[in-house]
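Here is a friendly walk through one protein model, written for someone who likes to know how each number was obtained. Please keep the viewer open as you read.

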Amino acid sequence: MADSAQAKPDVMGFYDDATQTWSYVVWDDAHSEKPCAIIDSVLDYDPHSGRTSTASADRVISFVKENRLLPVWILETHIHADHLTAAAYLKEKLGGKTAISKHILKVIETWQPVFNSPHDTPATGEQFDRLFDDDEAFSIGSIEARIFHTPGHTPADTSYLVGDALFTGDAIFLPDVGTGRCDFPGGDAADSFDSTRRIFALPDETRLFVGHDYP
């Protein structure tokens, strides 16, 4: 594997205006198959009609196909309160393995009694192909990546360190907004503070890719 301190993966961001959410495609352009990961995808949802659509996900699919990328991972930094994930749709259309932190199981414990959803939200986490351990290493082609647990917004919030790029989800926002809110079930301001300190302790050359860009 390439040295994670030196590897500089290519990154393309996709902005969803309705939720001010950033989704990302990160890939290893030096690898012959150009493997990639898709992070925090968006399934469009109209609250007035209760209908979903796939325009945002289809933009990602078009980019992946036009650039001949090979999806190997479809990653979630956490379960989102402001949008639905398009992970299942992307997997159907492009392939790849869905994954999230193992701490999602704690969120599901809270989720199931509130929404009475054991039929479509298994408590085992089996709806994901992979549940990552804290600090677990994985790869995107020749680029080393690892799990960077950053709770606070929710107990399951996890950043992904891919080469020199850190995808923070809602653990941290742009400077004018700060960190993610901590009032969701299991959220914790002290955890959020510790997570931001951990992020800021990374080398100065680390590129940060946040989950939102609020006006």
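The report below covers the cores, the cavity, one hairpin and a few loop residues.

This is a predicted model, in which local features need pLDDT of at least 70 and side-chain atom pairs count only at pLDDT 80 or more, while totals for chains, interfaces and linings use all residues. Residues are numbered from 1 along each chain as its sequence is written, and side-chain values use heavy atoms, with hydrogens and water left out.

**Nonpolar cores**

In soluble globular proteins, nonpolar side chains tend to be buried together. A nonpolar core here is a set of buried Ala, Val, Leu, Ile, Met, Phe, Trp, Tyr and Cys residues joined through side-chain atoms within 4.5 Å. Buried stands for under 20% relative accessible area, exposed for over 50%, and partly exposed for values in between, using a 1.4 Å probe and protein chains only.

The largest nonpolar core has 19 residues, and those touching the most other members are Trp-73, Leu-75, Phe-132, Phe-138, Val-162 and Phe-167. At least two residues of this core come from each of strand 2 (21-27), strand 3 (35-39), strand 6 (70-75), strand 9 (137-140), strand 10 (143-149), strand 11 (158-162) and strand 12 (165-169). Strand 10 supplies the largest share, three residues. Helices (H or I, at least four residues) and strands (E, at least two) are DSSP runs, numbered from the N terminus.

Phe-132 makes a good place to zoom in. Leaving aside neighbours within four places in sequence, Phe-132 is in contact (heavy atoms within 4.5 Å) with Trp-73, Leu-75, Ala-99, Ile-100, Ser-101, Lys-102, Phe-138, Ile-147 and Tyr-160. There is also a second, separate core of 17 residues, with Leu-43, Ile-61, Ile-74 and Leu-90 among them.

**The cavity**

Rolling a probe the size of a water molecule over the atoms shows where empty space is left. On a 1 Å grid over the protein atoms alone, a cavity is a set of points where a 1.4 Å probe fits but cannot get out, and lining residues have an atom within 4 Å of a point. Grid points are joined across faces, edges and corners, and a volume is the space filled by probe spheres set on the points.

By this rule the model has one cavity of 30 Å³ or more, and the largest cavity holds about 60 Å³ of space. Its lining consists of Phe-14, Asp-16, Ser-23, Ser-41, Val-42, Ser-56, Ala-57, Arg-59 and Val-60. Strand 1 (10-16) and helix 1 (55-66) each give at least two residues to this lining, and helix 1 gives the most, with four. By class, the lining has four nonpolar, three polar and two charged residues; Ala, Val, Leu, Ile, Met, Phe, Trp, Tyr, Cys and Pro count as nonpolar, Asp, Glu, Lys and Arg as charged, and the others, Gly among them, as polar.

**A hairpin and positive phi**

Strand 1 also pairs with strand 2, in the antiparallel sense over seven bridges; two strands pair if DSSP finds at least two bridges between them. In this pairing, Asp-10 stands opposite Trp-27 in strand 2. The hairpin has four residues between its strands, and Gln-20 takes a positive phi near 55° there.

Most residues other than glycine have a negative phi, and most peptide bonds are trans. Arg-68, not a glycine, nevertheless has a positive phi of about 55°. Asp-135 also has a positive phi, near 65°, and sits in the loop between strand 8 (130-132) and strand 9.

**Loop residues**

The table sets out the exposure of several loop residues.

| Residue | Relative accessible area | Class |
|---|---|---|
| Arg-68 | 71% | exposed |
| Asp-135 | 42% | partly exposed |
| Glu-33 | 47% | partly exposed |
| His-31 | 27% | partly exposed |
| Leu-69 | 9% | buried |

Which loop holds Leu-69? Leu-69 lies between helix 1 and strand 6, and Arg-68 is placed in the loop between helix 1 and strand 6 too. Beyond four places in sequence, Leu-69 touches Val-25, Trp-27, Glu-33, Lys-34, Cys-36, Phe-63 and Val-64.

Glu-33 is in the loop between strand 2 and strand 3. With neighbours within four places set aside, Glu-33 is in contact with Arg-68, Leu-69 and Leu-70. His-31 lies in the loop between strand 2 and strand 3, and, on that same reckoning, is in contact with Gly-141 and Ser-142. The C-alpha atoms of His-31 and Ile-143 are separated by 9.1 Å, although their places lie 112 residues apart along the chain.

Conventions
On a 1 Å grid over the protein atoms alone, a cavity is a set of points where a 1.4 Å probe fits but cannot get out, and a pocket is an open set with protein on both sides within 12 Å along at least five of seven lines; lining residues have an atom within 4 Å of a point.
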